[in-house]
Each structure stands twice: as structure tokens, then as C-alpha cells.
Amino acid sequence: MPIVLEDVSFTYGIGTPFETAALRGIDLRIADGEFVGVMGHTGCGKSTLLQLMAGLLAPERGKVMIDGADINAKGYPLASLRQRLSVIFQYPESQLFETTVGKDVAFSLKHSELSAREIQEKVRRALESVGFSFDAIRGLSPLGLSGGEKRRVAIAGALVTQPRILILDEPVAGLDPVGREDFLKLISGLNRNGVTILMVSHNADVLGDCAERLLVLDQGRLMMDGPVRAEFSDVEKLEKLRLGVCRPRKIAHLLKERGVPFPPDIVRYEDLLEAVIKGRRSGTAS
Ligand SMILES: Nc1ncnc2c1ncn2[C@@H]1O[C@H](COP(=O)(O)OP(=O)(O)O)[C@@H](O)[C@H]1O
Ligand SMILES: [Mg+2]
């Protein structure tokens, strides 16, 4: 299900004193199975972009197409898109509201034509995919869970339809380091199984770790779009936009400034380690 945006603009509160242009002239094509990170300052339009892609907002100008169809055209089956595309908003745990975990995770299958047994199997699979024992957790109230557990339940609720596209808005905000690592493993695993991932994060380390492609927004415009390795190699450009790069890249950059020649495409810790080991063997760092 490729996602295509053609010259998309969006303004909030048109004609009111609060009119805010959130996105301007965005052209974008995301192919099946990509892992795309989205970075930029607060207010640059990241959440608006995700909501447009999910059909939760309609563009003021331009088109959003999924699988070749304009999702804002009259008669477009948005309900069926909801089964193929899931969105996980910031702090998704705040949206848990059913009396039990099992019911909460099953929520988006409520109006499906599946049998109770099929629904139960899907809920089981979703809860197990986020590391829960189905039998132990299904009957519990979401309210009694820890913050990290609630987040995992909310994610299971987004995965229960087995979406082909997963859109995530700041999904690691507020998670502890272990929770964050588990979460990123889960998302990367889904991507390896072919799920297209679009993930907004403030955190360059998180994006450097798992995204292949990076979009950088600034004041509603798409400023950068390319492979993470290429974009993070341009430390100066990102710093001009007052954005950081991931730590391994930053370390390599600082070492280079001190005269140690590191390759420019280091984004992950393994890259850094390999360059150091190679450098020690050959007597220099590259
Ligand atoms: N519901 C809204 N009503 C009015 N303005 C909004 C609304 N949501 C966002 N905005 C404004 O639109 C711009 C883009 O916001 P947003 O997409 O939330 O950015 P980000 O997710 O990058 O922080 C900001 O200037 C923000 O203040
Ligand atoms: Mg946002």
C-alpha cells in the first residue's frame, strides 16, 4: 500500500484569528515496507502530517493517496482503511477505556464479521506480540496496570487488525530505557515482516537506530528526505535547523573534528565499534 502525498497543504482555523498554516506543499511517496522516521521541532507539522496520512484530517490543498486511491474522495471506504492502517498517538494509554484488557484490545474488531473465536485468537496474538501472557492479562482492568504495561496494551490494540501500515506519533515518549528498547525491537520486527512504519520522534538516537529513511520538517515544509545515513552525515545542515544527530554519528563527527578520520555514514553503535576496531587494527581510525 504505497502512500503518496501530492502538493499537500493544511491550515488550522481557516478564516479565524487563529489561522495557522501547519503544512505547505508536501510531496512524498512511501513504498511498501519502508521504515520512515519523521523529525522536526514542536509545531513543525509532524502530527498534522500523520493525521493526513491516516485520513483523520483532509488536506486543504493537494491529495493523499493510498494504494492509488484518493482517501478523501467521496465514497472512499475509510472504514476498510482503518483495518489496514493503524495509528498510535502520543501517550496511547490515555485512550484505554474498556473494563478489561481483552475487551480493550478487541475494540477495533467489534464491528468486523469475525466470529468470537476468531476475535479471541487475534487478541491473543496481539497481546502475545507485545510480551503478555494472554490468559494472565485478558481479564484484568487496564486501570490497574503500570504505565509501561498500559502502553503495551494500547499498542496491542493497534496491532490487532494486523495492519500493513503503522503510524506512530512519539511512541517512546515517557518510556524507560528498557521499555524503549523492547518497543523498538517490536516495531523493527514488524517492519521486517513487511509492515510499513512511519514514526515521529524527537529522539535522533531512536530514529538512527531503526529508521531507514528520514523526513525532516521545518515550519510545515519538508526540508530533508533521504536515507538516514546520508542525512545524519550532514551534521552542519541539521544543526542549522537546530536539530541533533544520533549519538554515534555525533561522536564520529567530534572525533573527525579532532583529526581522527571516521567514515561519514556512521549512525549506529555497531558502525562506530566497527570503525574503531578497524582503525586500531590499521593504526588509524578509518
Ligand atoms: N487543533 C489545532 N488547532 C489549531 N492549530 C493547531 C492544531 N493542532 C496543531 N496546530 C498548530 O499547527 C502547527 C503544527 O502542529 P503539529 O502538527 O501538532 O506539529 P508537531 O506535531 O510537529 O508538534 C503548530 O503551529 C500548531 O500550533
Ligand atoms: Mg506532534
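How much area do domain 1 and domain 2 bury between them? The figure is about 1100 Å², with 45% of it on carbon and sulfur atoms. Keep in mind that you're looking at a predicted model. Here's a quick tour of how its two domains meet.

**The two domains**
- The domain assignment splits the protein chain into domain 1, covering 3-245, and domain 2, covering 246-286.
- If you take the C-alpha centre of each domain, the two points lie 32 Å apart.
- Domain 1 puts 16 residues into the contact, and domain 2 puts in 11 residues.

**Who buries the area**
- The size of an interface is often quoted as the accessible area lost when the parts come together.
- On the domain 1 side, look for Asp 205, Arg 229 and Val 245: they supply 45% of the area that domain 1 buries against domain 2, more than any other three residues.

**Charges and polar contacts**
- There are 4 salt bridges across the interface of domain 1 and domain 2.
- Lys 250 and Glu 239 form a salt bridge, with their closest N and O atoms 2.8 Å apart.
- Polar contacts turn up too, with 8 residue pairs across the interface of the two domains (both residues at pLDDT 80 or more).

**The domain 1 side, piece by piece**
- Helix H8 (204-210), helix H9 (228-233) and helix H10 (235-240) are the elements that each give two or more residues to the side touching domain 2.
- H8 gives the most to that side, with 5 residues.
- Sorted by type, the residues of domain 1 that touch domain 2 come out as 7 nonpolar, 3 polar and 6 charged.

Methods: Residues numbered from 1 in each chain as written. Chains lettered and ligands numbered in written order. Predicted model: local features only at pLDDT ≥ 70, side-chain atom pairs only at ≥ 80, totals over all residues. Heavy atoms only, no water. Domains from an automatic or database assignment. Contact = heavy atoms within 4.5 Å. Buried area = accessible area lost by both parts, 1.4 Å probe. Salt bridge = Lys/Arg side-chain N within 4 Å of Asp/Glu carboxyl O. Polar contact = N/O pair within 3.5 Å; in protein donor to acceptor, adjacent residues only side chain to side chain. Helix = DSSP H or I, 4+ residues; strand = E, 2+ residues; numbered from the N terminus. Nonpolar A, V, L, I, M, F, W, Y, C, P; charged D, E, K, R; others polar.
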